[in-house]
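I opened the notebook to look up side-chain contacts, one type at a time. My entries follow.

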Amino acid sequence: MKDSVAEEHLYLGFSHQYRDSIFPLHTSISLFLLSYCDCKLFKIFLVPTGEDVDDQFVTKNLLGDIEVHLISRCQLPVVVQSCCLPAVVVKDGKFCRAGLSVVLRHIIQKTYEADPSKKDVLELLGFKKTCLKACAEVSQWTRLCEISIPLAVEGFLTASPEHCQTIPPDILQLERKLGEPVRVHNDDKIRRQKLQQQKAGAKAAVPVLGKEGTEEGKPVEMHQHPLPSLELSIAFSKLLVQEVSDAVNREAPHIRRTKTSDLPLLDHVFAEGLYFTLADIVLLPCIHQFLVSSKKQGKNLVNLPLIASWYRRVQEVPGVKKAAGKCKMELLQLPELMSAPQEQLQGFSSVPDELEEDNEDSHFIGGPRPTMTKLMVNGIEAKFSPHPCPSWTIDWTNLPSAVSPGEGKMSRDRALRKQQQLNNLVAAVTKLAKPGDVIVDFCSGGGHVGIVLAYMMPSCQVVLIENKELSLIRAKDRSDELGLNNIWFIQANLDYFNGTFNIGVALHACGVATDMVIDHCIKARAAFVISPCCYGFIQNTVKFKYPRSHQFKEVLSYKEHMILCRFADQTAVQLPPERRLIGKQCMGLVDLDRAWAAEERNYSVQVISMEPESCSPKNNMFVGIPT
């Protein structure tokens with residue numbers, strides 16, 4: 001094990017204890033992962049939501065062998081006070097990680113770094129280490145695991161008896177997800193193996209923790225689980241660090257010749273498919289509480305056979321029962337359940353209704369020109385305000401190299417274009433900022449905007465928010481080289497930042513992220529300077545519907561608006577000039593819709609073209625000021 005690991009502080013919310021869980025459930029989930037990983041790297045603080053928490057009660061009754069400390073919210077580090085919990089920060093540092101998925105992924109990575117023998121812990125991150133990496137705003141699966149299921153269970157547990165008679169829709173959505181075919185890397189090979197097994201009528205015995213398996217290095221009892229499932233065999237062979245037998249791996253010639261479309265589909269073993277991942281860790285404390293409550297109320301779980309099977313199967317994973325015991329979770333032994341009739345679940349779509357596209361507009365004429373003409377007939381055309389300072393530029397030659405975007409592997413041409421983009425954003429922010437202002441660089445990436453602002457405006461406080469850890473670490477390294485002391489770093493999805501600020505800025509916020517940044521700024525009544533990007537990724541989400549403004553909604557359907565978004569991405573320099581011109585007009589219309597939507601919320605917004613326009617194919621910029 002590595003010795004020199006810097007102590008980090010983990011801050012968890014605490015509202016109350018209910019049966020064998022701490023609430024909010026995000027805290028129970030975090031503690032369960034710490035127990036599963038046997039991780040002692042963090043100094044843990046509980047942050048009560050109320051003032052009447054008994055210190056003795058907390059330390060003696062909640063956490064087993066995990067040591068915790070109570071701290072009030074006003075005692076939190078400044079950077080943590082701006083974030084939703086859970087959050088992790090290096091002691092006395094300015095780098096914070098916030099939000100459930102980000103914090104859990106960090107716990108896993110730190111555990112493995114401290115002890116590389118814990119490869120099973122690293123495997124929780126899944127294929128290519130992407131489990132729950134996508135933010136909840138764009139990933140329905142992350143949203144279901146990280147937000148919807150915990151909230152649904154908390155609501156179920158606190159509801160009055162008459163309101164908890166029905167299964168929450170999000171639980172039923174999980175049931176349907178577990179019934180969907182599994183898509184995994186190299187699934188063609190596994191599906192051929194499954195076909196061979198089916199044709200041979202094989203009934204493979206699945207090893208489940210026994211004489212030949214070990215848990216925590218100690219021998220435990222082995223029994224054979226007679227399930228005819230190749231998926232189970234593969235999943236538990238991986239968990240027990242065993243090789244799947246040659247008999248399973250070999251394929252007969254007629255199996256190799258079978259078309260992919262004729263191969264059997266794979267069934268779920270765990271939440272994300274065949275393998276035990278972080279998603280299962282997140283879901284177990286939630287589903288456990290739901291099942292315990294349902295059992296106490298005498299509810300029949302016949303509608304949830306897949307969740308019940310998953311719950312039993314997760315208990316067979318090495319280390320799960322021990323971690324549950326540490327967390328005082330008394331796991332249930334559920335009976336086998338018959339599958340519910342399919343018609344009983346048909347009313348619950350695996351995709352929320354609000355995300356499904358309407359089919360009423362399926363007969364509109366496609367392409368950008370009919371849509372643009374339709375807007376023009378109604379008096380709507382792209383409008384660009386004059387640039388307030390087109391020739392203003394940063395004196396790059398007199399700045400330290402760590403301030404310049406050319407620092408690193410960026411080519412000279414790209415670095416020049418990035419400098420030109422920064423000239424535009426920094427000029428706009430300079431006109432808006434006052435001494436003492438807090439400026440937030442959303443979607444900050446490697447910190448190109450935020451570091452320039454922090455260096456040039458030492459009287460302002462600058463906060464960088466970015467989802468990608470490596471990008472933010474690079475930004476922190478550049479800041480440390482410059483000796484900046486007016487800058488903070490938060491690795492989090494935008495929804496987990498709840499601090500107050502005066503100006504929001506974003507350079508090339510991708511797709512819906514632009515609308516998320518605008519929404520954050522409006523809620524804070526902050527000015528904003530934003531350059532959008534990736535219009536083709538715009539789509540309806542749980543929080544945002546398109547078109548955004550009343551004027552556009554009266555003229556365009558969602559599908560027509562999506563036509564504008566797709567063609568707004570047609571601005572690359574290698575495209576014909578006529579197509580680039582149409583792309584620029586579509587960009588202008590999409591951003592006009594966004595500007596008008598902000599003005600409906602008492603903002604004055606200008607849509608400006610950056611100077612020179614060649615600095616980027618995505619060269620639009622918003623400047624919004626609360627009125």
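**Surface patch**

I looked for nonpolar side chains on the surface of this predicted model. Trp392, Tyr455 and Met456 form such a patch. Together they have about 250 Å² of accessible area. I then placed Trp392: it lies in the loop between helix H16 (368-377) and helix H17 (412-432). Its relative accessible area is 32%, so Trp392 counts as partly exposed.

**Salt bridges**

How many salt bridges does the structure hold? I find 16. I looked at three of these pairs and at one network.

I took Glu469 and Arg97 to begin with. Their closest N and O atoms are 2.8 Å apart. Glu469 lies in helix H19 (residues 469-482) and Arg97 in strand S7 (residues 95-98), so this salt bridge ties together parts that are 372 residues apart in sequence. I checked the cover on the arginine. Arg97 is buried, at 7% relative accessible area.

Next I looked up Glu578 and Arg369. Their side chains meet in a salt bridge of 2.9 Å, N to O. The pair links distant parts of the chain, with Glu578 in helix H23 and Arg369 in helix H16, 209 residues apart. Glu578 is exposed at 54% relative accessibility. Arg369 is partly exposed at 47%.

Then I turned to Lys543 and Asp495. The closest N and O atoms of this salt bridge are 3.1 Å apart. Both partners are in loops: Lys543 between strand S16 (527-533) and H21, Asp495 between strand S14 (487-491) and strand S15 (503-510). The pair therefore ties together parts that are 48 residues apart in sequence. Lys543 is partly exposed, at 35% relative accessibility. Asp495 is partly exposed too, with a relative accessible area of 30%.

I also noted a network of salt bridges that links Asp515, Arg548, Asp591 and Arg594.

**Charges over rings**

Arg548 came up again here. Its charged end sits over the ring of Tyr546, 5.9 Å from the ring centre. I found a lysine placed over a ring as well: Lys94 lies over the face of Trp488, at 4.4 Å from the ring centre.

**Aromatic pairs**

My search of the whole structure gave 10 aromatic pairs. One of them is Tyr36 with Phe276, a tilted pair at 5.9 Å centre to centre and 55° between the planes. Why does this pair tie together parts that are 240 residues apart in sequence? Because Tyr36 lies in helix H1 (residues 25-37), whereas Phe276 lies in the loop between helix H11 (253-256) and helix H12 (278-296). Tyr36 is buried at 9% relative accessible area. Phe276 is buried at 7%.

I looked at Phe552 and Trp596 next. They form an edge-to-face pair, 5.7 Å centre to centre with 65° between the planes. The two rings link distant parts of the chain: Phe552 is in helix H21 (residues 550-553), Trp596 in helix H23 (residues 577-599), 44 residues apart. Both Phe552 and Trp596 are buried.

I then went back to Tyr36 and Phe276. With Phe270 they form one aromatic cluster.

**Cysteines**

I searched the whole structure for disulfides and found zero. For Cys84, the nearest cysteine sulfur is that of Cys83, 7.6 Å away. Cys84 is partly exposed, with a relative accessible area of 24%. Which cysteine sulfur is nearest to that of Cys510? It belongs to Cys534, 3.1 Å away. A disulfide needs the sulfur atoms within 2.5 Å, so this pair does not count as one. Cys510 is partly exposed at 33% relative accessibility.

Methods. Residues numbered from 1 in each chain as written. Predicted model: local features only at pLDDT ≥ 70, side-chain atom pairs only at ≥ 80, totals over all residues. Heavy atoms only, no water. Phe/Tyr/Trp six-rings, centres within 6.5 Å; stacked < 30°, edge-to-face > 60°. Helix = DSSP H or I, 4+ residues; strand = E, 2+ residues; numbered from the N terminus. Buried < 20%, exposed > 50% of the residue type's maximum accessible area, 1.4 Å probe, protein only. Lys NZ or Arg CZ within 6 Å of the ring centre and 35° of its normal. Patch = residues over 30% accessible without salt bridge, like charges linked within 9 Å, V, L, I, M, F, W, Y side chains within 5 Å. Areas by Shrake-Rupley, 256 points an atom, 1.4 Å probe, with all protein chains shown as cover. Salt bridge = Lys/Arg side-chain N within 4 Å of Asp/Glu carboxyl O.
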